[in-house]
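Hello,

Here is the structure I said I would pass on. My notes on it follow below.

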Amino acid sequence: MTVWRQAGLILLVALGLAGATAAIHPKRPSFLAPPQDPNEVSLAQTKEWGRSVLWVDARSETEFVAEHIPDAICLNFENWNQQFPKFLDHFNPGQRVVVYCSATSCQLSREIAEKLRTSGVADAHYLEGGWEAWKKGQLEGR
Amino acid sequence: MRLPLLLSLFLAVPAFAQLKWDTLEQTVKVKPGDSEAIAKYHFTNVGSKTATIEAVKTSCGCTTAALTKNDYAPGESGEIVARMEIGTRVGHQEKSILVTTKDNPKLPTALRLLADIPEAVVVSPSFVMWSLGEPANPKTIDIKITDGFPAKLLKVDSDNPDIKIEVSEVRPGLEMQVKVTPKNTTRPESATLLVRTDYPTDNPQTYYAYARVK
Amino acid sequence: MSSGGTGEAGRRLVAFRIGRLVLKTILAGLFLFAAIAKLADPAAFTQQIMNYQLVPWPVAACMAVFLPALEFCLGICLLLGRLESGALLWVTILLVAFSGALLSAMVRGLAIDCGCFGRAMETTGTIVPLIRNLGLLAVTAALWFSRRK
């Protein structure tokens, strides 16, 4: 058998093995798109929701005081017990909440949103891209 | 002979400093009530010259990473101790620690610390709300001590007499059900429910639930 | 027609064949280990391929399933001494492709896990895997030029 025929035969067997893996492996990847967290929302989506959204800022007090999304409430892990009652003062039953922190790399918004959900806020999401995405949206007039 | 030629290729390796890590990602088992999640990242300099760690940066202020020294001779081992403060955090946590070496400043190593933090005392939901004019029906809050946490539930108090609470013990000291009823929903009301426990003994913690009419 | 003969020439030939067998087995072992380690978690391997930022997700997912399968077949072929020429050709293609990806990551300053052995062995940096691949390419070349036609 020539080199090419041999290589072709190996390729066929490999494709077969790959197909079997794709079909039955318990840890196979989803082939169409990476798994998306349903709690993450884009800036565009929040614009659609408009004024009904209650914004939560998961960053430090210093960053919050410097600049924040209008009408946002500061809520972080360090001061949760003091800040949560203030959040409740602004929160209305069934209201949509979107949490943001500094940027995509920051995990705080996801974590605060999760804690809000376990506390009883069913509709708690976190903003994709965080404060950085918001500022960019402001600059682009979106 | 082709064999000696081959071997010489393996040996003709330039001098370099290279840190080999035992593992880049660690999942820490957290017990309810723990104050910190600690992971140690062990490494060895498998290169042929001294490796210098220039910077260790964590992704979050809650996590600190400590190093005893910065220079490691070839063959020498060391470790980075990462501590994540738990505080009021719950649920899935992923923190990264970026380690930059002098030899390779453009290719920092990313260490990851993963932890699932269980709530010590589960107050579910942590608040109940009535809209103005809504029927003043009772709403229930369940309070449970997670298995393995050495606290006992003592009692629950409301700081506002216009929002009444009725406590029933499901499992003495471990599980309670609080029925919350506002006197009426004609005007805004606010109450903080204080869940008293006996742990830690020198400074017993109080957990909170909230009731609102708005 | 005697293949070995006696004396010096015969001993050199036997040593040569044994050396060749050892190299082939090491190469086979490495590929089998790499294949099995990656097959343990194709979803994680997909993420490692994505870290190179060279292909979109659907392509990475297919690669994550196909590459270990191919590596496995190559390891078996080399171990059993079957379809050797075809296997060596594929080994060369894979090693060149992997080295290319590593070089591109190095040039762009990406801080990633090589992903060479899935999650079984995690090393930092791209220099060591690159040097390892170059060494393996040399081994492959040696095996190729010394095959019995």
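A:Glu40 has A:Tyr126 in β5(A) as its bridge partner. This is a predicted model. The pairing of strand β1 (residues 40–41) of chain A with β5(A) is parallel and rests on two bridges. On β5(A) there is also a link to strand β4 (residues 96–100) of chain A, again parallel, through three bridges. Within that part, A:Val97 is bridged to A:Ala124 of β5(A).

Strand β5 (residues 124–127) of chain A is covered on both faces. A:Ala124 and A:Tyr126 point to one side, A:His125 and A:Leu127 to the other, and all four are buried. For chain A as a whole, 31% of the 142 residues count as buried.

The chain has six helices and five strands, in the order α-β-α-β-α-β-α-β-α-β-α from the N terminus. Of the contacts in chain A between residues at least 6 apart in sequence, 63% join residues at least 24 apart.

Between chains, helix α1 (residues 3–24) of chain A packs on helix α3 (residues 57–80) of chain C, with axes 8 Å apart and an angle of about 130°. The two helices, α1(A) and α3(C), are therefore oblique to each other. Their crossing is right-handed. Residues of α1(A) in this contact include A:Ile10, A:Leu17 and A:Thr21, and those of α3(C) include C:Phe66, C:Leu70 and C:Cys77. By class, the contact comprises 14 nonpolar residues, one polar and no charged ones.

Regards

Key:
Residues are numbered from 1 along each chain as its sequence is written. Chains are lettered from A and ligands numbered from 1 in the order in which they are written. This is a predicted model: local features need pLDDT of at least 70, side-chain atom pairs count only at pLDDT 80 or more; totals for chains, interfaces and linings use all residues. A residue is buried if 20 or more other C-beta atoms lie within 10 Å of its own, exposed if 12 or fewer, and partly exposed in between; C-beta atoms are placed from the backbone. Two residues are in contact if their C-beta atoms, placed from the backbone, lie within 7 Å. Axes are lines fitted to C-alpha atoms, for helices over the stretch in contact, and angles run from 0 to 180 degrees between N-to-C directions. Angles under 35 degrees count as roughly parallel, over 145 as roughly antiparallel, 65 to 115 as roughly perpendicular and the rest as oblique. A crossing is left-handed if the near helix is turned anticlockwise from the far one by less than a right angle, and right-handed if clockwise. Ala, Val, Leu, Ile, Met, Phe, Trp, Tyr, Cys and Pro count as nonpolar, Asp, Glu, Lys and Arg as charged, and the others, Gly among them, as polar. Two strands pair if DSSP finds at least two bridges between them.
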